[in-house]
Amino acid sequence: MIPILQARDVTYHLAERQNRVFKRRFSKAILQNICLDLHGGRTLGIIGASGSGKSTLCRVLSGLVSPSGGQVLYQGQDLETAPADVRKKIRPSIQMIFQDPYGALDPRQTVRDIVGEPLADAPNRDAHIASALAEVGLSMDVAGRYPQAFSGGQRQRIAIARSLITRPSVIIADEAVSALDVSTQAVVLNLLLDLQQRHGLAYVFVSHDLAVIRHLSHDIAVLDAGHIVESGAAQDILHAPAHPVTQALIENSY
Ligand SMILES: Nc1ncnc2c1ncn2[C@@H]1O[C@H](COP(=O)(O)OP(=O)(O)OP(=O)(O)O)[C@@H](O)[C@H]1O
């Protein structure tokens, strides 16, 4: 079966800069030769030390930034080179959720504006907003309130509702529960699992917390200095890590 999202030999370099001392241009490789397959209804956990490139990989996979080389394919269509009408249809299918439930939501917007933003002036907008809020266990009663009125867990639910409103197939979550306390984390993770089962969503889930990765992931890829050093079934990677980087990440997690 064709993967829903695929990275083929993806590289990402920071823009070239002029080095004043040596008078030459150079660029820094952040991701190198990344190959990944994500299948519908499955979760790919991404782990790696701080600075290994996890957030950059999320941004490239979501289409927020363009790879410097290689391809990101959604259902076999290149996010960069597919015809404009195809890219327009793909865009809402891949959504991102970020770490900071306090910074990610505009404090000047109501929940209705935040969740409904991707729909612009679509007909039945309020019905879609109500349905997205219901998916995350919130009612339309909260639609007129501002983000400040909510706890971290509730804000992350609102962010998830916004990501669901375009009926995506893929959600890319970059440390999405890291800022929450442990019991709120569990509630949000179980909500994500429930949504996956109901809608067949595929997740790319980045976390520095292996317990979170263990709870959600079917497959795992391990990043080190912009390279994938090991990938495969979550059970295999967690129980019999082959690469020293993976072994160290697992050892340090206890
Ligand atoms: N805009 C930028 N300018 C300079 N360096 C950058 C920029 N963005 C990323 N980097 C560098 O790219 C590398 C990867 O960063 P990235 O944020 O993707 O890693 P990460 O694994 O998500 O880290 P963390 O777990 O600490 O969030 C790091 O060395 C970082 O310093």
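The shell around the ligand is where I'll start: its residues divide into 2 nonpolar, 8 polar and 1 charged. Bear in mind that this is a predicted model. The residues in question are Leu14, Ile30, Gly48, Ser50, Gly51, Ser52, Gly53, Lys54, Ser55, Thr56 and His208. Which element gives the most to that shell? Helix H1 does, with 3 residues.

So, on to H1. This helix covers residues 54-61, and 6 of its 8 residues are buried, so it is largely enclosed by the rest of the structure. The buried ones are Lys54, Thr56, Leu57, Cys58, Val60 and Leu61. Two of these, Lys54 and Thr56, also appear among the residues around the ligand. Just after the helix comes glycine 63, with a positive phi of about 85°.

Leu61 takes us to the core. In soluble globular proteins, nonpolar side chains tend to be buried together. Here the largest nonpolar core has 64 residues, and those touching the most other members are Leu61, Val115, Ala161, Ile172, Tyr203 and Val204. Take alanine 161 from that list. Leaving out residues up to four places away in sequence, alanine 161 touches Val115, Ala132, Leu133, Glu135, Val136 and Leu138.

Two of those contacts, Ala132 and Leu133, are buried residues of helix H4, which runs from 125 to 135; Ile129 is buried there as well. Why do I say they line one face of the helix? Seen down the axis of H4, the buried residues fall within an arc of 100°, so they sit along one face. On the other side of H4, Ala127 and Ala134 are exposed. The buried residues pack against two helices, H3 at 111-116 and H5 at 152-164. After H4 there is again a glycine with positive phi, glycine 137, near 80°.

Now the chain as a whole. The protein chain has 9 helices and 12 strands. Of its 254 residues, 38% count as buried. The C-alpha trace spans about 55 × 45 × 45 Å along its principal axes. For 254 residues, a compact globule would have a radius of gyration near 18 Å, and the chain has 19 Å, so the two agree. As for contacts, if we take those between residues at least 6 apart in sequence, 67% join residues at least 24 apart.

To go back to the ligand: the shell has 8 polar residues, and H1, with 3 residues in that shell, is largely enclosed by the rest of the structure. That's what I have.

Technical notes
Residues are numbered from 1 along each chain as its sequence is written. This is a predicted model: local features need pLDDT of at least 70, side-chain atom pairs count only at pLDDT 80 or more; totals for chains, interfaces and linings use all residues. A residue is buried if 20 or more other C-beta atoms lie within 10 Å of its own, exposed if 12 or fewer, and partly exposed in between; C-beta atoms are placed from the backbone. Helices (H or I, at least four residues) and strands (E, at least two) are DSSP runs, numbered from the N terminus. The arc is that of the directions from the helix axis to the C-beta atoms. Two residues are in contact if their C-beta atoms, placed from the backbone, lie within 7 Å. A residue is near a molecule or strand if its C-beta atom, placed from the backbone, lies within 6 Å of it. Ala, Val, Leu, Ile, Met, Phe, Trp, Tyr, Cys and Pro count as nonpolar, Asp, Glu, Lys and Arg as charged, and the others, Gly among them, as polar. A nonpolar core is a set of buried Ala, Val, Leu, Ile, Met, Phe, Trp, Tyr and Cys residues joined through C-beta atoms within 7 Å. The radius of gyration is taken over C-alpha atoms; the globule rule is 2.2 Å times the number of residues to the power 0.38.
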